[in-house]
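Me: Hey, can you walk me through this structure? I'm new to this, so plain words please.

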Amino acid sequence: MEKIHIFADSACDIPQALVEKYKIEIVPVQVMHEGRTFREYYDITPQAYWRLLAESEEIPSTAQVSLSQLLDAYRRAHQAGVTHMLGIIMNAKGSGGFQSACMARDMFYEEYGRGMKIELVDSETYTMIYGRVILDAAQMRDKGDSFDAILGVVRSRLKRCEAVLGVYNLKFLRRSGRISGGAAFVGEALGLKPISHVYAGEVKVCGKARGEKNLIPAMIDFVNGRVLNPEQQTAGLLYGDVSENRIAELEKRLYGLGFPKVERWPIGVSVITNTGPQALAVMYYGSPRTG
């Protein structure tokens with residue numbers, strides 16, 4: 001009989017209550033700021049991190065999950081009698097966490113053999129865009145689905161995951177080096193708000209809205225052109241430290257596109273470090289990617 005264990009790095013941003021409910025193991029990303037070290041998820045919440053960014057002139061640095069953290073997670077699972085272990089990790093193009101997980105797996109196999117199967121999946125994305133796929137996997141496990149069935153659903157859904165991201169303030173994009181100081185100066189002078197497409201391991205600017213009031217309509221137009229059968233899926237509304245009025249407006253417009261349900265999720269460290277707290281995003285399923 002299969003005994004399945006699911007783990008992820010903390011960049012998946014799954015809220016603590018759901019992590020505990022579905023018994024998902026979270027391996028934390030380390031956050032360093034002004035001589036202090038925090039473990040994402042365990043020591044600092046998204047909301048506390050937004051405040052830290054807003055109040056500090058120093059941009060925190062992050063460290064990917066380490067080989068030793070991951071190897072310890074594999075060993076604990078082995079000791080608990082796990083037969084199948086599934087790890088879903090933040091985009092490998094944006095972090096070395098997935099490579100570390102693979103290296104730790106090889107080290108574990110050398111030490112213990114291959115009696116416990118470890119399957120690692122590069123999510124090719126960030127935050128709850130893959131976090132909700134992890135939740136789907138945990139729900140399937142709890143219903144008694146096989147490991148192969150769970151893995152098939154995970155891979156299929158990750159191939160359809162997309163998001164559009166809008167940022168109200170260019171300050172943090174400039175500070176993190178995502179845009180140049182000159183581009184930020186021009187953008188601020190013209191009131192331009194960048195919109196990015198999070199897709200297939202890339203985060204690419206796909207448009208600009210002029211003025212704050214036009215950012216949400218522009219995001220909705222983008223989603224409308226990409227989403228596949230919105231009436232058959234739940235939209236994810238990802239938010240940073242923005243006003244309830246803006247969140248409610250985005251939510252209302254998503255219902256207007258035909259989504260029967262909209263779920264709200266706070267954005268954590270890995271994305272907010274680069275965008276700043278003044279960010280909103282919509283996650284949805286589009287057409288399956290090939291390759």
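Me: Let's start with Gly-201. Is that one buried or exposed?

Reply: Gly-201 counts as buried, because its relative accessible area is 7%, and the cut-off for buried is under 20%. Keep in mind that this is a predicted model.

Me: Ok, and where does Gly-201 sit?

Reply: You'll find Gly-201 in the loop between S9 and strand S10, which covers 202-210.

Me: What does Gly-201 touch, if you skip residues up to four places away in sequence?

Reply: Asn-91, Lys-93 and Glu-124. As for Arg-76, that residue is 125 residues from Gly-201 along the chain, and the two C-alpha atoms are separated by 30 Å.

Me: You mentioned Glu-124. Where's that?

Reply: Glu-124 is in the loop between strand S7 (117-122) and H5. With 22% relative accessibility, Glu-124 counts as partly exposed. Its phi is near 60°, a positive value in a residue other than glycine.

Me: Back to the loop with Gly-201. What's the phi of Ala-200?

Reply: Ala-200 has a positive phi too, about 55°, although it is not a glycine. Ala-200 is in the loop between S9 and S10, and at a relative accessible area of 22% it is partly exposed.

Me: What about S9 itself? Which strand residues does it cover, and is His-197 in there somewhere?

Reply: Strand S9 is residues 192-199, and His-197 lies in it. His-197 is buried, at 12% relative accessible area.

Me: What does the side chain of His-197 make a polar contact with?

Reply: With the side chain of Glu-162, at 2.8 Å. Leaving aside neighbours within four places in sequence, His-197 is in contact with several residues, among them Ala-163, Cys-206, Phe-222 and Tyr-284.

Me: Oh, a cysteine! How many disulfides are there in the whole structure?

Reply: Zero, after a search of the whole structure. Cys-161, for example, is in no disulfide, and the nearest cysteine sulfur, that of Cys-12, is 13 Å away.

Me: And why is there no bond for Cys-206?

Reply: Because the closest cysteine sulfur, in Cys-161, is 17 Å from the sulfur of Cys-206, too far for a bond. A pair has to be within 2.5 Å to count as a disulfide.

Me: Are those two cysteines buried or exposed?

Reply: Cys-161 counts as buried, at 6% relative accessibility. Cys-206 counts as partly exposed, at 34%.

Me: New topic: the nonpolar core. How many residues are in the largest one?

Reply: The largest nonpolar core has 75 residues, and those with the most contacts inside it include Ile-24, Leu-86, Val-154 and Leu-250. Helix H5, residues 127-143, gives the most to this core, with nine residues. There's also a second, separate core of 21 residues, which includes Ile-89, Ala-104, Phe-108 and Tyr-109.

Me: Is there a general reason for nonpolar residues to end up like that?

Reply: In soluble globular proteins, nonpolar side chains tend to be buried together.

Me: What does Leu-250 touch, beyond residues up to four places away in sequence?

Reply: Its contacts are Ile-216, Met-219, Ile-220, Leu-237, Leu-280, Ala-281 and Val-282.

Me: Now pockets. What's the volume of the second largest pocket?

Reply: About 370 Å³. The second largest pocket is lined by 17 residues, and Arg-132, Asp-136, Arg-157, Thr-234 and Tyr-285 lie nearest its centre.

Me: Which elements give two or more residues to that lining?

Reply: H5 and strand S12, which is 261-266. H5 gives the most to the lining of the second largest pocket, with four residues.

Me: Tyr-285 caught my eye. What lies 2.8 Å from its backbone nitrogen?

Reply: A polar atom of the side chain of Gln-233. Gln-233 is in the loop between helix H9 (215-226) and strand S11 (234-239), and it is buried, with a relative accessible area of 9%.

Me: Last one: where is Lys-3?

Reply: Lys-3 lies in the segment before strand S1 (4-9), and at 40% relative accessibility it counts as partly exposed. Lys-3 and Ala-80 are 77 residues apart along the chain, yet their C-alpha atoms are separated by 9.4 Å. Apart from neighbours within four places in sequence, Lys-3 is in contact with Ala-80, Gly-81, Val-82, Thr-83 and His-84.

Note on methods:
Residues are numbered from 1 along each chain as its sequence is written. This is a predicted model: local features need pLDDT of at least 70, side-chain atom pairs count only at pLDDT 80 or more; totals for chains, interfaces and linings use all residues. Side-chain values use heavy atoms; hydrogens and water are left out. Buried means under 20% relative accessible area, exposed over 50%, partly exposed in between (1.4 Å probe, protein chains only). A polar contact is a pair of N or O atoms within 3.5 Å; within protein, one must be able to donate a hydrogen and the other to accept it, and residues adjacent in sequence count only if both atoms are side-chain atoms. Contact means heavy atoms within 4.5 Å. A nonpolar core is a set of buried Ala, Val, Leu, Ile, Met, Phe, Trp, Tyr and Cys residues joined through side-chain atoms within 4.5 Å. On a 1 Å grid over the protein atoms alone, a cavity is a set of points where a 1.4 Å probe fits but cannot get out, and a pocket is an open set with protein on both sides within 12 Å along at least five of seven lines; lining residues have an atom within 4 Å of a point. Grid points are joined across faces, edges and corners, and a volume is the space filled by probe spheres set on the points.
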